[in-house]
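Reader: I work at the bench and would like to learn how to read a structural model with some care. Could we go through it feature by feature?

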Amino acid sequence: MTSTAPAAPAAPAARGVPLGRADVEAAAARIAGHVRRTPLLAGPAGPELPRAGRRLLLKAEHLQHSGSFKLRGAANAVLALGARRIVTGSSGNHGIALARLAAPLGAEVTVVLAGGAHPAKIAVIKALGGRTVRVPGGVAERDARARELAEETGAVLIPSSDHELVVAGQGTVGLEILAEAPDAETVYVPTGGGGLLAGVCLAAYGHPVRVVGVEPAGTPRYARSLAAGHPVRLAPGDTVADGLRGQQPGAVPYPIIRDRVDDLITVSDAQILDAAALLRRRGFEAEPSGAVALAGAIRAGRGTGLAVAVISGGNTKTALMTAAAAGPPSRTHRTA
């Protein structure tokens with residue numbers, strides 16, 4: 001049964017000053033030489049998408065270096081902090097992003113993973129030179145162990161979403177969408193820890209676009225929290241979207257989402273798998289977590305104008321096997 005007891009107090013934002021669009025713009029400048037500016041591609045239309053409006057574009061973060069949007073926040077944090085010993089808790093994609101960054105920068109990364117972490121993602125982290133630590137339990141236990149390890153070793157803790165620099169980096173997805181599609185009516189954003197949704201909310205301040213967060217039905221931590229009026233912690237949940245199993249909102253993303261998001265909707269595992277299959281038929285290799293926003297766009301079916309769904313990750317089994325075989329980038333290689 002899902003618990004809605006108040007979450008344990010989280011650490012306050014590091015600097016105590018609210019994040020803004022300027023932080024996202026600064027992140028875009030900082031990470032420009034390390035991430036790919038991913039394209040907006042035409043999405044399904046006609047009989048495949050009968051209720052989602054006249055036009056749908058897909059923000060192709062599955063084509064990002066490291067296979068997901070997570071590289072943006074990871075790069076912003078690592079570069080801004082000058083970190084050389086890093087600890088994180090991750091479901092996989094954030095750990096992959098940090099491990100990929102670490103190799104050319106000469107940094108060391110330890111990734112703490114909870115039960116249910118995808119074995120192929122663990123293999124990629126190791127192939128990229130990262131160290132992995134497994135813990136029983138869910139995301140809360142994983143993140144607690146990551147904090148302990150950082151304190152014990154003196155490493156820099158870079159959470160997967162609950163960090164100002166990470167949120168600002170993820171927000172560059174929103175900057176790119178609004179620069180290329182300023183007439184977008186709605187942006188659908190997959191929501192796990194909330195870093196990507198919060199970042200897109202920051203990028204959208206002052207813009208009339210509707211920002212809609214999409215959560216798996218089994219882990220609706222932000223919808224429950226906003227309904228309760230405060231962050232709540234859910235019991236560990238299960239979903240095919242393995243990257244979106246967060247149990248509670250983060251201290252950094254929560255107030256940003258609370259103050260700017262226009263809607264939060266949930267999608268079932270069946271809807272997520274249907275969206276992933278639709279993407280595959282269109283030639284897009286997205287993992288289930290990466291298809292959640294499209295599932296939300298299909299379910300919502302609101303409006304007749306332009307909508308954008310963020311395809312957040314493409315670390316399918318085939319892509320992960322390829323990445324593991326390739327190993328870490330050269331230390332002299334700068335990902336452009």
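Reader: Let me begin with one helix: which residues of H7 are buried?

Author: Please keep in mind throughout that this is a predicted model. The buried residues of H7 are Thr172, Val173, Gly174, Leu175, Glu176, Ile177 and Leu178. Because seven of the nine residues of this helix, which spans residues 172-180, are buried, H7 is largely enclosed by the rest of the structure.

Reader: How many helices and strands does the protein have, and what percentage of its residues is buried?

Author: The protein has 13 helices and 10 strands, and buried residues make up 56% of its 336 residues. Its accessible surface comes to about 13,200 Å², with 54% of that area belonging to carbon and sulfur atoms. Among the contacts with a separation of 6 or more, 74% are between residues 24 or more positions apart.

Reader: How should I read the packing of one helix against another, and at what angle do H3 and H4 pack?

Author: Two packed helices are described by the angle between their axes and by the distance between those axes. Here helix H3 (residues 93-105) and helix H4 (residues 119-127) pack at an angle of about 15°, and their axes are 9 Å apart. An angle under 35 degrees counts as roughly parallel, so H3 is roughly parallel to H4. The crossing of H3 and H4 is left-handed.

Reader: Which residues of H3 and H4 meet?

Author: From H3, the residues Asn93, Gly95, Ile96 and Ala99 meet Lys121, Val124 and Ile125 of H4. Sorted by class, this contact of H3 with H4 has four nonpolar residues, two polar residues and one charged residue.

Reader: Turning to the backbone, what is the phi of Ser66, and where is Ser66 placed?

Author: Most residues other than glycine have a negative phi. Ser66, although it is not a glycine, has a positive phi of about 85°. Ser66 is found in the loop between strand E2 (55-60) and helix H2 (70-81). With a relative accessibility of 11%, Ser66 counts as buried, since the cut-off for that word is under 20%.

Reader: Finally, is Asn76 buried or exposed, and which residues does Asn76 touch?

Author: Asn76, which lies in helix H2, is buried, with a relative accessible area of 0%. Leaving aside residues up to four places away in sequence, Asn76 touches Ala27, Arg30, Ile31, Leu165, Ala168 and Gly169.

Key:
Residues numbered from 1 in each chain as written. Predicted model: local features only at pLDDT ≥ 70, side-chain atom pairs only at ≥ 80, totals over all residues. Heavy atoms only, no water. Axes fitted to C-alpha atoms, helices over the stretch in contact; angles between N-to-C directions. Helix = DSSP H or I, 4+ residues; strand = E, 2+ residues; numbered from the N terminus. Parallel < 35°, antiparallel > 145°, perpendicular 65-115°, else oblique. Left-handed = near helix turned anticlockwise from the far one by under 90°. Contact = heavy atoms within 4.5 Å. Nonpolar A, V, L, I, M, F, W, Y, C, P; charged D, E, K, R; others polar. Buried < 20%, exposed > 50% of the residue type's maximum accessible area, 1.4 Å probe, protein only. Areas by Shrake-Rupley, 256 points an atom, 1.4 Å probe, with all protein chains shown as cover.
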